[in-house]
Amino acid sequence: MWDIYKTQIPLLAAIVPDRAADLLESLIRVCEEEGNFPIGYRMARGADRFFRQASALAHTALADAHATGSGALDWSWALVHMEADLRRLYGENFVDDGVVHPITHTLDLAYGHHCTARVARALGDRRLADELEGRARRWVNAFDASTGLLLDSEYYEGGRWNYSFRLLHDMRARIALAGGDDAFVGMLDAFFGFGAPAVTQPGLAPPAAEMAAGYALNRFEGLNNEPDMEAPWAYHYAGRPDRTADVVHAALTWQFGTGAGGMPGNDDSGGLSSWYVWASLGLFPVAGQGLFLVNAPAFARAALRVGGGEFVIETTGHRDTPIGADGVHETPPAQYVQSATLNGRPCETTHISASDVHRGGVLHLELGPEPSAWGRSARPPSLSDAPAARTGE
């Protein structure tokens with residue numbers, strides 16, 4: 001689940017919904033037999049490094065499936081297992097204390113509670129939904145308010161900078177904790193190296209000291225691992241989709257290729273290649289929240305064959321990557337969304353609902369060479385928004 005819950009399962013749910021539903025049914029059967037949803041536990045039995053990896057990840061896929069009406073699951077029975085699984089391993093400590101280490105499990109469990117609360121509320125169990133949502137707000141316990149970053153802890157395949165920009169269920173409050181939009185964007189800019197001098201890339205078999213110096217920069221590691229997949233899209237929540245466009249465009253242009261070493265990291269069961277597919281389409285699924293973030297795509301036109309027909313992403317003003325005289329791609333500038341329509345209606349937000357994608361339709365994006373005002377004021381939904389302002393739930 002660590003590998004596939006952010007990008008691959010949402011891709012399967014969109015283009016092969018029957019297979020995705022089978023996968024979720026299998027997860028529930030595993031939970032019936034073993035008492036928990038599988039994560040690294042099935043490989044490690046809790047005995048090695050996978051024990052530190054993640055918690056409560058299956059809940060995201062189940063919440064999305066329920067929101068979009070995917071699969072003929074027994075949702076009351078699924079909810080029983082979702083709620084019970086939140087108490088496995090670190091879960092009981094989270095319920096009792098509101099915080100657990102490794103600190104990333106605090107984020108995982110708070111998010112799992114939020115996803116489960118969404119399903120409970122949709123099924124009419126308000127008491128359970130309110131109880132779970134109360135615990136979901138404990139994500140704040142994972143952060144150091146003096147730095148705006150996660151607390152010092154043990155981190156799996158990353159550090160606190162990598163994990164501090166996860167797309168939480170209450171990004172409005174998370175950005176406020178960091179000091180507001182400008183401060184949050186400044187932290188992201190530092191993470192992605194905007195305005196910083198160039199860094200010498202390590203060569204083959206770099207010594208430990210060279211690698212340690214690189215890690216000490218606390219920079220984006222270049223999509224080579226799961227913690228970095230979401231970070232470029234965090235700019236959307238601070239009203240800077242243009243920065244997302246810069247980072248994603250650079251990643252698509254320079255970090256992926258068709259030859260040896262054509263992926264910046266381990267594909268990990270299709271997680272990284274699914275990120276590439278979504279980014280090329282100008283979309284990013286926010287797993288567990290039933291929505292997609294919108295960005296400038298890599299193609300002038302693309303179509304997803306979904307259960308409801310086709311979801312088409314079309315553009316005007318799209319510029320292809322130029323080819324130099326030597327046959328090599330030149331450095332292409334990023335493009336930015338100037339305006340958008342969804343099924344012919346103006347779309348002022350940088351997000352659309354997963355249901356819109358799964359039903360099929362047309363997203364039209366007007367692109368241009370300079371950042372615009374599009375998406376600067378209307379933010380993706382957060383838990384602390386006023387109820388009338390929350391969309392995509």
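Trainee: What makes up the lining of the second largest cavity, by class?

Mentor: That lining has eight nonpolar, no polar and three charged residues. Asp, Glu, Lys and Arg count as charged, and the lining includes K6, R166 and E230. Ala, Val, Leu, Ile, Met, Phe, Trp, Tyr, Cys and Pro count as nonpolar, the others, Gly among them, as polar; Y5, F284 and P285 are among the lining residues. The model is predicted: local features need pLDDT of at least 70 and side-chain atom pairs pLDDT 80 or more, while totals for chains, interfaces and linings use all residues. Residues are numbered from 1 along each chain as its sequence is written, and side-chain values use heavy atoms, without hydrogens and water.

Trainee: Why is this space called a cavity?

Mentor: On a 1 Å grid over the protein atoms alone, a 1.4 Å probe fits there but cannot get out, and lining residues have an atom within 4 Å of a point. The second largest cavity holds about 110 Å³, and strand β3 gives the most to its lining, with three residues.

Trainee: Why is β3 called a strand, and how do you know whether its faces are buried or exposed?

Mentor: A strand is a DSSP run of E with at least two residues, and β3 covers residues 283-286. Buried means under 20% relative accessible area; L283 and P285 on one side and F284 and V286 on the other are all buried, so both faces are covered.

Trainee: What makes β3 and β4 a pair?

Mentor: Pairing requires at least two DSSP bridges. Four bridges join β3 to β4 (residues 291-294), and the strands run antiparallel; they therefore pair. V286 stands opposite L291. The two strands form a hairpin with four residues between them, and G288 in the turn has a positive phi of about 95°.

Note on methods: Buried < 20%, exposed > 50% of the residue type's maximum accessible area, 1.4 Å probe, protein only. 1 Å grid on protein atoms, 1.4 Å probe; cavity = no way out; pocket = protein on both sides within 12 Å on 5 of 7 lines; lining within 4 Å. Points joined across faces, edges and corners; volume = space filled by probe spheres on them.
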